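Grab the viewer and work through these exercises one by one. Try each task yourself before you read the solution below it.

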Amino acid sequence: MSKGGQNSFRDLRQPAAQEAPKISFPCPYPLKVVGDATEDFPARVCQVVVRHDPDFDEATMQVIDSRNGRFQSVRVTITATGEQQLKQLFDELKATGLVHMVV
């Protein structure tokens, strides 16, 4: 027992409180955008990304088709400048109606 009569051990049945990792901005920030496989899906993702990171290089974008061809994932790395930029980017990607998930 520690001073004051309190046990210094943590109850392992309860998960430890975890804080979100701290990010130092600006930084490279990889994203994987998953959505319906349409002809214009990669271009639509790129348009949104460029609005939030004007220096984004489209040549670095990777497009991967799902096994059955129904979905595509677009992988990009942006220069993240802050949490507000990321939230607005995520919101605009979801608003396209084509995006199912942003990781």
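**Exercise 1. Find the residue in E4 that Val 33 stands opposite.**

Start at Val 33 and look across to E4: the partner there is Val 102. Next, look at how the two strands run: E1 and E4 are antiparallel, with three bridges joining them. Strands here are DSSP runs of E with at least two residues, helices are runs of H or I with at least four, and both are numbered from the N terminus. Two strands count as paired if DSSP finds at least two bridges between them.

A quick word on what you're looking at: this is a predicted model, where local features need pLDDT of at least 70, side-chain atom pairs need 80 or more, and totals for chains, interfaces and linings use all residues. Residues are numbered from 1 along each chain as its sequence is written, and side-chain values use heavy atoms, leaving out hydrogens and water.

**Exercise 2. Work out the order of the strands in the sheet.**

Walk across the open sheet and you'll meet its four strands as E2-E3-E1-E4, with antiparallel pairing. Now check the ends: E2 (62-65) and E4 are the edge strands, each pairing on one side only.

**Exercise 3. Decide whether Ser 73 is buried or exposed.**

First locate Ser 73: it sits in strand E3. Its relative accessibility is 8%, so Ser 73 counts as buried (buried is under 20% relative accessible area, exposed over 50%, partly exposed in between, with a 1.4 Å probe and protein chains only). Then list what Ser 73 touches, skipping residues up to four places away in sequence: Lys 32, Val 33, Val 34, Gln 62, Val 63 and Ile 64. Contact means heavy atoms within 4.5 Å.

**Exercise 4. Which residues of H2 are buried, and which exposed ones does the face turned away carry?**

Step one: pick out the buried residues of H2, namely Gln 85, Leu 86, Leu 89 and Leu 93. Step two: look down the axis of H2, where these buried residues fall within an arc of 95°, so they line one face of the helix. (The arc is taken from the directions from the helix axis to the C-beta atoms.) Step three: flip to the face turned away, which carries the exposed Glu 83, Gln 84, Lys 87 and Ala 95. Last step: see what covers the buried residues of H2; this includes E1 (27-36), H1 (41-52), E3 (71-80) and E4 (99-102).
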